[in-house]
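Trainee: Could you take me through one part of this structure up close? I'd like a single connected walk rather than a list.

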Amino acid sequence: MTISKDKVVTIHYTLKDDAGTVLDTSSGGEPLVYLHGHGNLIPGLESQLDGQTPGAKLEVTVAPEDGYGPYHQELVQEVPRSAFQGVDDIEAGMRFTAQTDAGPRTVVVRDVTDETVTVDGNHPLAGQFLHFAVEIVELRDAEEEELAHGHVHGAGGHHH
C-alpha cells in the first residue's frame, strides 16, 4: 500500500528552520496521524509524501509558497491601543483574534507603546523554508466516517 488520497497516514517528523533550529517534532511523543489528500498538512509536505510506503524515511524542504505562504508586510499594522479595551497588560508575543474584512484572523503582538500596538497577521512560519525529516510509520484505508468528516478519528471514536 502507498500513500494516496483517502489513506490514513501515521508519521514521525521533525521540523527545522534554515538555521537548523528544531521548531516542532513528534520525537519522544505520539506520531502525527492525518487523512491524506484532505488539506490536513501543508501542500508541500503532503505532495512529497504521495506514493511513499511504511518504513520510508525522507528529508523534505518546503518553500514558503507551498508551506505557510510568503510573508506579507501589509499584514503588520499599528493600531490604537484603545482597540484592546478590557486588556490591561498587552505584551509582545500575545495572540488575539482580529475581525477583518476577510473574517477572523489571528494576530501576534510585535510591539507596544503607550498609544499603539503593532500586530502581525502573518502565520509565524510565513516566508520561511521548512525542513522536515519524516518517517512513515503506518498506513491504512480511511473509514467512511473519517472520509465524511475529512479528518482522522482517534482511538475509541471521535467526538465533535
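Leaving aside its neighbours within four places in sequence, which residues is glutamate 146 in contact with?

Mentor: Sure, and keep in mind that this is a predicted model. Leaving out neighbours within four places in sequence, glutamate 146 is in contact with Val8, Leu35, Arg140, His151, Val152 and His153. The residue itself sits in helix H2, which covers residues 144-149. Its relative accessibility is 1%, so glutamate 146 counts as buried; the cut-off for that word is under 20%. One of those partners also shows up in a polar contact: a polar atom of the glutamate 146 side chain lies 3.0 Å from the backbone nitrogen of histidine 153.

Now step back along the chain to alanine 142, in the loop between E9 and H2. Alanine 142 has a relative accessible area of 15%, so it is buried as well. With neighbours within four places in sequence set aside, its contacts are Asp6, Lys7, Val8, Leu35 and Leu147. Val8 and Leu35 should ring a bell, since glutamate 146 is in contact with them too. For a sense of span, alanine 142 and methionine 1 are 141 residues apart in sequence, yet their C-alpha atoms are 13 Å apart in space.

Aspartate 6, one of the contacts of alanine 142, deserves a stop of its own. Aspartate 6 belongs to the segment before E1. Its relative accessible area is 29%, so call it partly exposed. What catches the eye is the backbone: aspartate 6 is not a glycine, but its phi is positive, at about 75°. As background, most residues other than glycine have a negative phi.

From there, follow the chain into E1 and on to lysine 16, which lies in that strand. Lysine 16 has 35% relative accessibility and therefore counts as partly exposed. Beyond four places in sequence, it touches Thr21, Val22, Leu23, Phe129, Leu130 and His131. Alanine 133 is 117 residues away from lysine 16 along the chain, with 8.5 Å between the two C-alpha atoms.

Valine 22, on that contact list, is in strand E2, residues 22-25. At 45% relative accessibility, valine 22 is partly exposed. Its own contacts, again not counting residues up to four places away, are Thr14, Leu15 and Lys16. Compare a pair that is well separated in sequence: valine 22 and valine 137 are 115 residues apart along the chain and 21 Å apart, C-alpha to C-alpha.

What about the nonpolar packing? In soluble globular proteins, nonpolar side chains tend to be buried together. Here the largest nonpolar core has 20 residues, and those with the most contacts inside it are Leu45, Leu49, Phe132, Val134 and Ile136. Two or more residues each come from strand E1 (7-16), helix H1 (43-49), strand E4 (57-62) and E9. E9 gives the most, with five residues. Take isoleucine 136: not counting residues up to four places away in sequence, it touches Ile3, Thr10, Ile11, Leu49, Gln52, Thr53, Pro54, Gly55, Ala56 and Leu58. Apart from the largest core there is another one, of seven residues, among them Val79, Val107, Val109 and Val119.

Two names from that second core, Val107 and Val119, lead us to the pocket. The largest pocket holds about 220 Å³ of space. It is lined by 14 residues, and closest to its centre are Gln77, Ala98, Thr100, Val107 and Val119. Strand E5 (76-80), strand E6 (95-100) and strand E7 (103-112) each give two or more residues to the lining. E6 has the largest share, four residues. By class, the lining has eight nonpolar, four polar and two charged residues.

Last stop, asparagine 122, in the loop between strand E8 (116-120) and strand E9 (130-141). With a relative accessible area of 5%, asparagine 122 is buried. Its side chain reaches the backbone nitrogen of histidine 72 at 2.9 Å. Leaving out residues up to four places away in sequence, asparagine 122 touches Pro70, Tyr71, His72, Leu75 and Val76. If you set it beside glutamate 146, you have two buried residues, each with a side chain that contacts the backbone nitrogen of a histidine.

Methods
Residues are numbered from 1 along each chain as its sequence is written. This is a predicted model: local features need pLDDT of at least 70, side-chain atom pairs count only at pLDDT 80 or more; totals for chains, interfaces and linings use all residues. Side-chain values use heavy atoms; hydrogens and water are left out. Buried means under 20% relative accessible area, exposed over 50%, partly exposed in between (1.4 Å probe, protein chains only). A polar contact is a pair of N or O atoms within 3.5 Å; within protein, one must be able to donate a hydrogen and the other to accept it, and residues adjacent in sequence count only if both atoms are side-chain atoms. Contact means heavy atoms within 4.5 Å. On a 1 Å grid over the protein atoms alone, a cavity is a set of points where a 1.4 Å probe fits but cannot get out, and a pocket is an open set with protein on both sides within 12 Å along at least five of seven lines; lining residues have an atom within 4 Å of a point. Grid points are joined across faces, edges and corners, and a volume is the space filled by probe spheres set on the points. Ala, Val, Leu, Ile, Met, Phe, Trp, Tyr, Cys and Pro count as nonpolar, Asp, Glu, Lys and Arg as charged, and the others, Gly among them, as polar. A nonpolar core is a set of buried Ala, Val, Leu, Ile, Met, Phe, Trp, Tyr and Cys residues joined through side-chain atoms within 4.5 Å.
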